[in-house]
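Please open the model in a viewer and keep the selection panel at hand. The stops below are best taken in order.

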Amino acid sequence: MTEPILRVENLHTIYQGEERNVYAVNGISFSLNEKETIGLVGETGAGKTTTALSIMQLLPDRIGKITEGKIFYQGENLLEKNKEEIRLIRGACISMIFQDPMTALNPVMTVGDQIHESLSIHNYDNLPEEELQKRVDELLTLVGIPANRKKEYPHQFSGGMKQRIVIAIALACKPKILIADEPTTALDVTIQAQVLVLMEELQKQLGMAMIMITHDLGVVAATCDKVAIMYAGEILEYGTVEDIFAGERHHPYTKGLFEAIPSLDSHSRRLKPIEGLMPDPADLPPGCRFHPRCPYCREDCKTGAPYLFERNGHQIRCNLFQEDTAI
Amino acid sequence: MTSLIHAVELTKYFQVGKKRYLHAVDHVNLDIPEGKTLGVVGESGCGKSTLGRVVLGLLPATSGELYYQGEDLIHGNKKQRKKMQREMQIVFQDPYSSLNPRMSVYELIAEPLVMNHVYGSRRETLQRVQELMEIVGLAERFINSYPHEMDGGRRQRVGIARALALRPRFVVCDEPVSALDVSIQAQILNLLMDMQEELGLTYMFITHDLSVVKHISNEIMVMYLGQCVERAPAEELFQNPLHPYTKALLSAIPVPKLGASLKHNLLRGEVSDPINPEPGCRFAKRCDHCTEACAGKNFQLKELGDRHFVACALYQ
Amino acid sequence: MAAEKQVKIRKKGRAGEIWHRFKRNRVAMLGLVLFAVILLVVILADVIVPYEDAMTQNIVNRLQPPSSEHWFGTDNFGRDIFARIIHGSRNSLLVGLGAVAIGITIGGLLGAIAGFYGSHIDAVIVRIMDTIMCIPLMLMVLSIVAALGASLVNVLLAMMIANIPQYTRIVRSAILPVVGQDYIEAAKSCGTPNRWIIVKHVIPNAIGPIIVQATMAVGTMIINAAGISFLGMGIQPPTPEWGAMLNEAKNFMLSDPYTVVFPGVAIGLTALSLNLMGDGLRDALDPKLKD
């Protein structure tokens with residue numbers, strides 16, 4: 001098997017507070033092959049964005065800290081690199097797009113200039129200016145915006161168009177990995193569908209790997225190959241989309257998530273929420289992090305790390321599956 | 001069936017420049033029977049929130065008629081209107097910005113009671129606040145908490161308790177679960193449905209999310225650029241959507257199922273602003289079925305079958 | 001049901017809570033202690049040192065450096081600088097705090113009304129304020145004092161009027177983002193009257209920048225008052241006043257620096273104490289910073 005393009009091993013990230021530390025990511029591991037999309041799914045506070053920022057090493061200075069773990073990009077540990085090396089990797093090899101396209105663009109620069117800026121920073125081949133401008137036009141066309149609009153300012157574009165421009169900037173240097181942090185959450189459904197379809201096509205066309213961070217299982221089904229269900233900074237279930245969306249064995253949290261979604265086909269009026277709330281990341285429960293909300297909670301869930309079930313790459317962290325492996 | 005809210009050709013224009021008017025709500029008819037829920041669905045900028053505010057009297061209507069229990073809300077005398085508006089409340093979208101960060105839960109829930117001089121004594125007010133907290137499922141230990149100390153779900157419960165304080169009969173829910181996580185979203189939706197049953201409330205449920213509205217609504221109205229393009233009983237609308245926009249909205253929802261694709265029926269273009277719109281179908285520019293017949297005149301809602309209305313050239 | 005009876009809403013209310021948070025801020029407490037000392041000096045001035053000491057001229061002893069006899073030295077008329085600072089505190093604080101307090105009350109109210117109601121009311125208020133702002137501060141103050149006659153009260157009045165536009169602007173810009181918040185609409189929708197919304201919802205959420213600006217302005221006000229005194233209006237020599245002392249001493253700044261250092265330090269400490277207190281108060285007013 002070839003080396004995956006990105007491999008995260010036992011990553012721990014904390015935010016240091018004045019009085020207490022916030023344990024945002026607590027030992028997650030996953031790998032991403034070339035041209036593959038992994039979905040990091042979870043609710044607010046699950047540690048999805050922190051994971052992305054850890055990979056990009058864009059954690060807030062002094063507060064955010066990776067305390068343990070390794071992040072391999074093409075076999076090299078990113079955590080051992082110095083700031084300058086990381087800067088060169090950012091944008092050129094790994095790019096990120098953020099949730100809100102309204103604030104991600106500089107309002108006083110034309111969109112063409114903003115794409116150009118990203119190109120010229122990583123212009124190692126010393127391409128002449130005309131080449132760069134040509135590339136700007138190419139990128140705009142690629143994301144479905146007429147190239148003649150490059151002299152316009154962000155406010156002249158609608159929300160969906162802005163997100164397309166953000167994508168164009170992120171893709172400017174042909175990154176190997178694109179991290180998309182809730183790229184469509186701020187958009188309307190019909191526009192969301194357009195942007196998701198665009199991202200899927202671009203990924204195929206450019207052969208990138210993608211990390212799709214979202215809270216929406218529907219978005220995952222439409223775009224991802226692999227899925228990691230995150231909760232309180234841990235991956236509770238990990239596997240291919242087929243593993244997660246089909247099959248018999250699931251983590252109780254995954255099951256709860258699916259049941260809580262208001263579905264278009266169901267005829268019942270009432271919904272099935274997951275009772276209780278996300279734990280406070282500064283004060284996580286012992287044992288399985290999900291046990292206070294879990295309908296199947298047993299005594300052994302309240303202490304000690306939950307059992308790790310694994311079959312053909314499908315991982316579930318839950319004591320319920322202790323007996324199952326014997327089969 | 002008596003309707004609690006009845007609106008005829010309700011219209012709200014905003015002036016955005018010299019002789020430029022944004023048609024936020026354009027000749028919309030409403031009929032909400034007591035104890036039922038009307039779902040209002042549409043994308044941002046379709047005027048659904050403006051409609052809710054006009055119905056509540058938070059924004060004055062440009063033209064049209066509006067009745068609450070048969071009483072005229074637009075031309076009626078001020079005192080009467082004020083009294084009726086007490087029975088009409090709103091739950092806001094964002095539980096983070098709709099609660100004053102400097103007020104405690106007690107102060108927040110008590111505000112409508114104090115402002116309307118409902119109770120003479122502090123003891124009675126406290127009692128009612130406690131009662132409301134119990135109704136919305138908020139533990140009493142939060143009574144002295146501030147909004148920032150609570151998560152989104154609990155904050156939204158405070159928002160609901162505030163809306164219920166004056167014992168309203170009609171509540172406009174303006175995207176009450178859009179800012180919440182799925183697991184919490186389901187809790188709040190269930191709470192809203194329980195309260196409707198227990199207190200006999202009538203809802204106008206505004207949302208951009210068709211899957212949410214399906215569970216709570218009896219009737220659904222789809223809006224596009226200020227106009228109602230389709231209206232039908234909830235089940236009927238999902239089984240048999242007629243307007244091309246409704247169809248596109250339905251197929252754009254990412255379904256959490258294997259092999260789901262969004263490419264089917266993908267809508268092109270984006271919503272524009274309805275500023276001084278030309279007569280004709282406002283969706284025509286994005287519509288695959290658009291013909292010459294779509295321009296030139298406005299389409300009225302036409303009843304096709306059982307309480308299913310649609311405004312589209314295809315069904316005239 | 002016993003538990004239900006134990007639930008109490010905080011009776012001591014907002015003030016107690018704010019004091020509790022303020023107390024834990026050491027820097028703010030330092031400011032408070034400093035300001036308390038200054039206030040004490042104002043009250044006990046006559047006990048600390050007799051007023052005559054501040055007024056008695058002694059040309060022979062002019063411009064003496066600090067000594068055991070004259071702790072802060074003497075000025076160009078041979079008056080004891082220590083005594084003048086002690087007795088000058090009253091006038092200086094009156095001018096500084098008075099001008100700011102009244103200016104911010106009137107300016108703040110106008111700003112709140114302009115920001116909250118918007119449209120025509122806003123336009124009218126802002127235009128008037130802009131017009132006043134166009135007139136240079138000193139010119140404005142001088143013409144008002146010239147018209148009303150030179151006295152401490154009139155200087156105060158003039159500075160206050162000259163400062164209203166500035167506060168109107170600050171308060172208006174602090175209030176605008178708050179007015180757009182959903183909770184303002186939420187309050188309206190449950191029947192809260194506008195004046196109550198301004199007092200209960202708008203001002204508490206906009207007060208942070210206003211407090212900081214106000215506490216910083218006190219020092220400037222004292223200096224401005226000194227400038228007016230220098231031009232022969234307002235507080236007249238030989239009445240002791242910090243700003244006036246600075247002004248008189250500026251000719252001897254190089255040869256006898258202590259003549260400017262001590263009044264300067266006095267103004268600085270006053271401004272600093274208010275500033276620290278202001279920062280602390282702003283934080284204490286915000287329940288988000290409770291823990």
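The tour passes from one chain to the contacts, domains and core.

**Chain B as a whole**

The model is predicted. Begin by selecting chain B, where 9 helices and 12 strands are found. Its C-alpha trace spans about 65 × 55 × 40 Å along the principal axes. The radius of gyration of chain B is 21 Å, which agrees with the value near 20 Å for a compact globule because the chain has 316 residues. Of these 316 residues, 48% count as buried. Among contacts in chain B between residues at least 6 apart in sequence, 64% join residues at least 24 apart.

**A strand pair in chain B**

Next, select strand β6 of chain B, residues 88-91. M88(B) and I90(B) point one way from this strand, while Q89(B) and V91(B) point the other way. All four of these residues are buried. Add strand β7 of chain B, residues 170-174, which runs parallel to β6(B) and is joined to it by 4 bridges. Which residue of β7(B) stands opposite M88(B)? Centre the view on F170(B) to find that partner.

**Where chain B meets chain A**

Display chains A and B together: 34 residues of chain B are in contact with 39 residues of chain A. On the chain B side, the elements that give two or more residues are α6, α7 (210-216) and α9 (244-252). The largest share of that side, 7 residues, comes from α6(B). By class, the side of chain B that touches chain A has 18 nonpolar, 9 polar and 7 charged residues.

**Helix α10 of chain A**

Keep both chains visible and select α10(A), residues 252-260. Its buried residues are P252(A), Y253(A), T254(A), G256(A), L257(A) and A260(A). What covers these buried residues includes α8 (217-223), β9 (226-231), β10 (234-240) and α9 (241-245) of chain A, together with α6 (182-199) of chain B.

From here, move to I229(A). Leaving aside its neighbours within four places in sequence, I229(A) is in contact with residues including V41(A), G42(A), I235(A), L236(A) and I244(A), as well as Y253(A) and T254(A).

**The two domains of chain A**

Colour chain A by its domain assignment: domain 1 takes 6-93 + 175-326, and domain 2 takes 107-174. The centres of the two domains, taken over C-alpha atoms, are separated by 30 Å. At their contact, 14 residues of domain 1 meet 15 residues of domain 2. Helix α7 of chain A, residues 189-206, gives the largest share of the domain 1 side, 7 residues. By class, that side has 12 nonpolar, 2 polar and no charged residues.

**The largest nonpolar core**

Show the whole model again. The largest nonpolar core has 251 residues, and those that touch the most other members are A168(A), I211(A), A228(A), I229(A), I109(B), A161(B) and V202(C). The largest share of this core, 16 residues, comes from α10(C). Domain 1 and domain 2 of chain A both give residues to this core, so it lies between them.

**Where chain C meets chain B**

Finally, select chains B and C. Their contact takes 21 residues from chain C and 27 residues from chain B. On the chain C side, α9 (182-189) and α10 (194-230) are the elements that give two or more residues. Which of them gives the most to this side? Select α9(C), which gives 7 residues. By class, the side of chain C that touches chain B has 9 nonpolar, 6 polar and 6 charged residues.

Note on methods: Residues are numbered from 1 along each chain as its sequence is written. Chains are lettered from A and ligands numbered from 1 in the order in which they are written. This is a predicted model: local features need pLDDT of at least 70, side-chain atom pairs count only at pLDDT 80 or more; totals for chains, interfaces and linings use all residues. Two residues are in contact if their C-beta atoms, placed from the backbone, lie within 7 Å. Ala, Val, Leu, Ile, Met, Phe, Trp, Tyr, Cys and Pro count as nonpolar, Asp, Glu, Lys and Arg as charged, and the others, Gly among them, as polar. Domain bounds come from an automatic or database domain assignment. A residue is buried if 20 or more other C-beta atoms lie within 10 Å of its own, exposed if 12 or fewer, and partly exposed in between; C-beta atoms are placed from the backbone. A nonpolar core is a set of buried Ala, Val, Leu, Ile, Met, Phe, Trp, Tyr and Cys residues joined through C-beta atoms within 7 Å. Two strands pair if DSSP finds at least two bridges between them. The radius of gyration is taken over C-alpha atoms; the globule rule is 2.2 Å times the number of residues to the power 0.38.
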